[in-house]
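Q: Please take a close look at how the helices of this protein pack. Then follow the aromatic pairs and a few buried residues. Short sentences would suit me, as I am a first-year student.

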Amino acid sequence: MQIYKAKNYEQMSRIAANIISSQIILKPDSVLGLATGSTPIGTYAELVKRYQNGDLDFSAITSINLDEYKGLPGTNDQSYRYFMNTNLFNHVNINKEHTYVPDGLEPDSDKACSAYNAIIHQHGGGVDLQLLGLGHNGHIGFNEPSDAFDKETHCVDLSERTIEANARFFENKDAVPKQAYTMGIQTIMNAKKVMVIVSGKDKAEIVKKAFFGPITPQVPASALQLHQDFVLVGDEEALGLI
């Protein structure tokens, strides 16, 4: 495990962008596993800035997103497809035909998950760099605490805490989708490199628990302790207990 401690959110975003930029420069046709949520917004803004400055070329990049709410179309401003378009894809020269997000409008969970697994398997080399945030209960993607590590893409019932955390993005708590499609832990672990970004004092306890405590499916992110190339990038508050 490599740990980079930043002074604040802005510096954390720059460090994360440095690592992703290096991946793109060294391998222009990289497969990037991308995440949504509030934490990576600054990282994506840095990447857009570097593209606009002529320092990055996304034309041969493929992106495979972690997850999507079940029931939301990509045009919904709270869908993860919309998030990625708004924060990254619309501002760089990536080919959108090579940007993949689970189909939130597919009502058949088995069909949706099988289709997304097929997309992942089609890229036989696997994900080169997987970006992750970290939930307060240790979830990565939408892999919630459970009795076993889920393997591939699956449909999950979101925990009450996750629904409450996401309610700020919707009109009210009742409007938050109760299910989501997400990559499984095995898929994430198969990535060649994994980077978790964390910010804020409220994440300090789960950082300690996930990355310096027992490896257990009750803390899904703890599986990353076993990854051969795992990078943790956080600000001083988030890393304050390690």
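A: What follows is a walk from one helix contact to the next, then to aromatic rings and to two strands.

Keep one thing in mind throughout: this is a predicted model.

Start with helix α1, which spans residues 9-26. Its partner is helix α2, made of residues 41-52. The two axes lie 8 Å apart. The angle between the helices is about 55°. That value makes α1 oblique to α2, because angles from 35 to 65 degrees are neither roughly parallel nor roughly perpendicular. The crossing of α1 over α2 is right-handed.

Which residues make this contact? On the α1 side they are Y9, S13, R14, A16, A17, N18, I20 and S21. On the α2 side they are I41, G42, T43, E46, L47 and R50. Sort the residues of this contact by character, and you get 6 nonpolar, 5 polar and 3 charged.

Now zoom in on A17. This residue sits in α1. Its relative accessible area is 0%. Buried means under 20%, so A17 counts as buried. What does A17 touch? Leaving out residues up to four places away in sequence, A17 meets T43, E46, L47 and R50. Those four names also appear on the α2 side of the helix contact. A17 can also be placed against a residue much further along the chain. P217 is 200 residues from A17 in sequence. The C-alpha atoms of A17 and P217 are 29 Å apart.

S13 is another member of α1. Its relative accessibility is 3%, so S13 is buried. With neighbours within four places set aside, S13 is in contact with G42, T43 and E46. Compare the two lists. T43 and E46 touch A17, and T43 and E46 touch S13 as well.

Helix α2 has a second partner. This is helix α3, residues 80-87. The axes of α2 and α3 come within 10 Å of each other. They cross at roughly 40°. α2 and α3 are therefore oblique to each other. Here I41, Y44 and V48 of α2 meet F83, M84 and N87 of α3. I41 belongs to the contact of α2 with α1 too. This second contact divides into 5 nonpolar residues, 1 polar and no charged. The contact of α1 with α2, in turn, includes 3 charged residues.

Next come the aromatic rings. A pair of such rings is described by how far apart the centres are and by the angle of the planes. How many aromatic pairs are there in the whole structure? A search finds 7. One of them joins Y51 and F58. Their ring centres are 6.3 Å apart, and their planes stand at 70°. Planes over 60 degrees apart count as edge-to-face, so the pair of Y51 and F58 is edge-to-face. Are its two members buried or exposed? Y51 has a relative accessible area of 26%, which means partly exposed. F58 has 2%, so F58 is buried.

A second pair is Y69 with F142. Its centres are 5.7 Å apart, and 40° lies between the planes. This pair is tilted. It links distant parts of the chain, since Y69 and F142 are 73 residues apart. Y69 belongs to strand β4, residues 67-69. F142 lies in the loop between β6 (129-132) and β7 (154-157). Both Y69 and F142 are buried. They are also part of one aromatic cluster, together with Y80 and F170.

Two strand residues finish the tour. T62 lies in strand β3, residues 62-65. Its relative accessible area is 9%, so T62 is buried. Beyond its neighbours within four places, T62 is in contact with S30, V31, L32, H98, Y100 and H123. T62 and D29 are 33 residues apart in sequence. Between their C-alpha atoms there are 7.0 Å.

G234 is found in strand β10, residues 230-235. At 0% relative accessibility, G234 is buried. Its contacts, again without neighbours within four places, are Y4, K5, A6, M12, V198 and L239. G234 and D110 are 124 residues apart in sequence and 36 Å apart from C-alpha to C-alpha.

Technical notes. Residues numbered from 1 in each chain as written. Predicted model: local features only at pLDDT ≥ 70, side-chain atom pairs only at ≥ 80, totals over all residues. Heavy atoms only, no water. Buried < 20%, exposed > 50% of the residue type's maximum accessible area, 1.4 Å probe, protein only. Contact = heavy atoms within 4.5 Å. Axes fitted to C-alpha atoms, helices over the stretch in contact; angles between N-to-C directions. Parallel < 35°, antiparallel > 145°, perpendicular 65-115°, else oblique. Left-handed = near helix turned anticlockwise from the far one by under 90°. Nonpolar A, V, L, I, M, F, W, Y, C, P; charged D, E, K, R; others polar. Phe/Tyr/Trp six-rings, centres within 6.5 Å; stacked < 30°, edge-to-face > 60°.
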